[in-house]
Amino acid sequence: MMWVEEIETLPRSGLESIQLKRLQALVHRMYDKVLPYRAKMDAAGIRPGDIQSLKDLSRLPFTVKDDLRDNYPFGLFATPMDDVIRVHASSGTTGKSTVVGYTQADIDLWASIMARCLTMAGVTRGDMVHNAYGYGLFTGGLGAHYGIEALGATVIPVSGGNSRRQITIMRDFGSTVLLSTPSYALNLADAMSDAGVSPEELKLRVGVHGAEPWSQNMREEVERKLGIKALDIYGLSEIIGPGVSMECLHSEHGMHILEDNFLPEIIDPDTLEVLPYGETGELVFTTLTKEAFPLIRYRTKDISRLFLEPCGCGRTLIRMEKVTGRTDDMLIIRGVNVFPSQVEHVLVGIEGVEPHYQIEVSRDGNLDVMAVLVEVSEHIFSDEIRVLENLTKKIQAEIKDMLGVTCRVKLVEPRTIQRSEGKAQRVIDRRKL
């Protein structure tokens, strides 16, 4: 097992001592090797020698996604390309791809980090791990793959797609652990139902799900339909990929951040001031141990909070709350801030509604209009019109109560909304702004 007790159970003072030494070395290296970041430091009037405590972190400039795009593809790398053995990239759906690189030491680090995360989920050498994260330029599949191998478990590199075949593989191979996005886990549950396979016929006991925000209600849905313990993992390509933080079996209300590698902050996204533990804001990370593509104070746009309360597992690592949304996927509907995860929270709690939905935003004259397409179960959809009308009104009322915004609700047949093998596309914004 990858239980690094000497790090993961350190008193706060011991962990902060490690963080400071690594931060100081990182700042010196970034100033020497990464010219765009040196320019930012020069503009801010700060030099590497000015970092004398962890509090000095707040004096350093932020890194944002535009910095990555402006220096596309390799302008922020801190090592020569001869030392880079792998690159990954985002899909580039919102502009230029963001490209990240790894040295051999980075790959080894990533594998050990993922192994430590999987250990938090109770995964051991004897497990058969069904890895349904996507392989390729996306960091999910390969990051998880190397971690499984580093742990000594058996990996099934099935990736996404062909869900019915995946059910057969899980049953025939005796898969005990499922790695996938939460939405794809529900997709697999639908495939099981179609194939007439019950959870009792599989050996699955735990799922490690990430790459998209998901609610507590959705967790309960995954657990009920697959008969597993569903845990949350967090990561993003810019920081390393999956494995930045992970829930353990003792905590469903906070993911342990591997702080010896990733230094977290929470900031107010408007004032950019650092917020104290316990307050909600935007999550910011500094990578302390990466070689090829280190980042200082990277603004993730993810909304969370940090807390230091003890965990029953014995780890002293700080925990982050499940991400509740992103500052850049936040919808503003007639002055009201709306996150897709809030809509999901409402829908999953309503009987007869499936956990598949899509939000469409359009414009009627000068007014924003939000419509929510909601799948309903077979028996509800085939019911009389009055039942469907009442269900529509109930959903509209509960969304209004939760969000303070009126929306149109359209009930659609089961399997109408396109299933995703990766991140679910929850929002279609048709506004011409």
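Visitor: Which residue of S6 stands opposite leucine 179?

Guide: The residue facing leucine 179 across the pairing is valine 208 in S6. Two strands are said to pair if DSSP finds at least two bridges between them; helices (H or I, at least four residues) and strands (E, at least two) are DSSP runs, numbered from the N terminus. S5 and S6 run parallel and are joined by 4 bridges. Please note that this is a predicted model, in which local features need pLDDT of at least 70 and side-chain atom pairs count only at pLDDT 80 or more, whereas totals for chains, interfaces and linings use all residues. Residues are numbered from 1 along each chain as its sequence is written, and side-chain values use heavy atoms, with hydrogens and water left out.

Visitor: Which strand pairs with S5 over 3 bridges?

Guide: That strand is S3 (residues 128-131), which pairs with S5 in the parallel sense. Here valine 129 faces valine 177 of S5.

Visitor: How do the side chains of S5 point?

Guide: In a regular strand the side chains alternate between the two faces of the sheet. In S5, Val177 and Leu179 point one way, Leu178 and Ser180 point the other way, and all are buried. Buried means under 20% relative accessible area, exposed means over 50%, and partly exposed lies in between (1.4 Å probe, protein chains only).

Visitor: In what order do the 9 strands of the open sheet lie?

Guide: The order is S4-S3-S5-S6-S7-S8-S9-S14-S13, with mixed pairing. The edges are formed by strand S4 (154-156) and strand S13 (306-307), each of which pairs on one side only. At the S13 edge, 2 bridges connect S13 with strand S14 (residues 319-320) in the antiparallel sense, and leucine 306 lies opposite methionine 320 of S14.

Visitor: Is methionine 128 buried or partly exposed?

Guide: Methionine 128 belongs to strand S3 and counts as partly exposed because its relative accessibility is 22%. With contact defined as heavy atoms within 4.5 Å, and residues up to four places away in sequence left out, methionine 128 touches Thr154, Ile156, Phe173, Gly174, Ser175, Thr176 and Val177. Its C-alpha lies 9.2 Å from that of methionine 170, although 42 residues separate the two in sequence.

Visitor: Why is S11 described as largely enclosed by the rest of the structure?

Guide: S11 is so described because 7 of its 7 residues are buried. S11 runs antiparallel to S10, with 6 bridges between them; isoleucine 266 stands opposite leucine 283 in S11. S11 is also antiparallel to strand S12 (residues 298-304), with 4 bridges, and valine 284 has arginine 299 of S12 as its bridge partner.

Visitor: Which residues of helix H9 are buried?

Guide: An α-helix has 3.6 residues a turn, so residues three or four places apart point the same way. In H9 (residues 216-226), the buried residues are Asn217, Met218, Arg219, Glu221, Val222, Glu223 and Leu226. They pack against several elements, including helix H8 (182-195), helix H10 (340-348) and strand S18 (353-364). Glycine 227, just after H9, takes a positive phi of about 65°.

Visitor: Which residue has a positive phi of about 65° although it is not a glycine?

Guide: Leucine 272 is such a residue; it lies in the loop between strand S10 (262-267) and strand S11 (281-287). Asparagine 162 has a positive phi near 50° and lies in the loop between S4 and helix H7 (163-173).

Visitor: Where is a cis peptide bond found?

Guide: A cis peptide bond joins tyrosine 72 and proline 73, with omega about 0°. Proline 73 sits in the loop between helix H4 (65-70) and strand S1 (86-89).

Visitor: What radius of gyration does the protein chain have?

Guide: The radius is taken over C-alpha atoms, and the globule rule is 2.2 Å times the number of residues to the power 0.38. For 433 residues a compact globule would have a value near 22 Å, and the protein chain, at 22 Å, agrees. Its C-alpha trace spans about 75 × 55 × 40 Å along the principal axes. The protein chain holds 12 helices and 21 strands, and 55% of its 433 residues count as buried.
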